[in-house]
Amino acid sequence: MKFFVDTAEIDAIAELNDLGMVDGVTTNPSLILKSGRDILEVTREICDLVDGPVSAEVVATEAEAMIAEGRRLAGIADNIAVKVPLTWDGLKACKVLSGEGQMVNVTLCFSVNQALLAAKAGATFISPFIGRLDDINLDGMELIADIRTVYDNYGFETEILAASIRSVNHVAEAARIGADVMTAPPAVIKALANHPLTDKGLEAFLADWAKTGQKIL
Ligand code: G3P
């Protein structure tokens, strides 16, 4: 499973990237706002840092304007994936941009039918939002499973990018189902390392080691 980090915070990306935990980055207008940075500048810095796909989202709502914005964003670096919303206009933009050889991430997906449309429009990635479905008492993970089944039924190559991941359990479940990629905030990725039995076991080993009176260095 590929790990994308869902942030526009350079330091957080760099820290995880140094550990080999970053296969790509996703941003959106809310994350750009949170970073307080200029979209073109910060996206360029992220692209310089990370080898994998870096999603940058258009904000126009009509296809022609989305395509123009997408081309501008794509000009930042070769590893840009232009992010478009799953609207009819977004699908038109996806078709045109992917036809030009551009990676496209279709975002704000909440149904298997939307995912089918994105695949047919040539999306590189489809981003189903797990957490936001859970927020309204639906089952985000069921959507990931349904898309996996449907894409496999027909051999669609669009990668399932599990998004709006809020917990370590979301990551494990998406991996079990076979999502190609997950994108999560840095804190969730770092929390994957935590286990109370690891902490407890380490504490016991260190206590015993202290009793030996030995040193390794
Ligand atoms: O990848 C999409 C993500 O940024 C949305 O997450 O937590 O705002 O639903 P959230």
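Start by selecting Asp208, which is partly exposed, with a relative accessible area of 43% (buried means under 20% relative accessible area, exposed over 50%, partly exposed in between, with a 1.4 Å probe and protein chains only). This is a predicted model, in which local features need pLDDT of at least 70, side-chain atom pairs count only at pLDDT 80 or more, and totals for chains, interfaces and linings use all residues. Residues are numbered from 1 along each chain as its sequence is written, and side-chain values use heavy atoms, with hydrogens and water left out.

Add Lys211 to the selection. Its side chain meets that of Asp208 in a salt bridge, 3.5 Å from N to O (a side-chain nitrogen of Lys or Arg within 4 Å of a carboxyl oxygen of Asp or Glu). Both residues lie in helix H11, 3 residues apart, about one turn of the helix (helices are DSSP runs of H or I, at least four residues, and strands are runs of E, at least two, numbered from the N terminus). Lys211 is exposed, at 69%.

Next, select Arg176 and Glu173, another salt-bridged pair, at 2.7 Å from N to O. Both are in helix H9 (residues 168-177). Arg176 is exposed at 63%, while Glu173 is partly exposed at 30%.

Now go to Glu100 and Arg71, whose side chains form a salt bridge at 2.4 Å, N to O. Glu100 sits in the loop between helix H5 (88-99) and strand E5 (103-109) and Arg71 in helix H4 (residues 63-74), so this pair ties together parts 29 residues apart in sequence. Then select Arg37, Glu41 and Glu45, which are linked in a network of salt bridges. The count of salt bridges comes to 11.

For the interior, select Val106 and Ile126. Of the 57 residues in the largest nonpolar core, these two touch the most other members (a nonpolar core is a set of buried Ala, Val, Leu, Ile, Met, Phe, Trp, Tyr and Cys residues joined through side-chain atoms within 4.5 Å). Helix H8 (residues 140-154) gives the most to this core, with 5 residues. A second, separate core has 7 residues, including Phe129, Leu161, Ala163 and Val181.

Finish with Ile216, in the segment after helix H11 (196-212). Ile216 counts as exposed, at 76% relative accessibility. Select Trp209 and Leu217 as well: with Ile216 they make a nonpolar surface patch of about 440 Å² (patch residues have over 30% relative accessible area and no salt bridge; like charges are joined within 9 Å, and nonpolar side chains, Val, Leu, Ile, Met, Phe, Trp and Tyr, within 5 Å). Accessible areas come from the Shrake-Rupley method with a 1.4 Å probe; for residues, only the protein chains shown count as cover.
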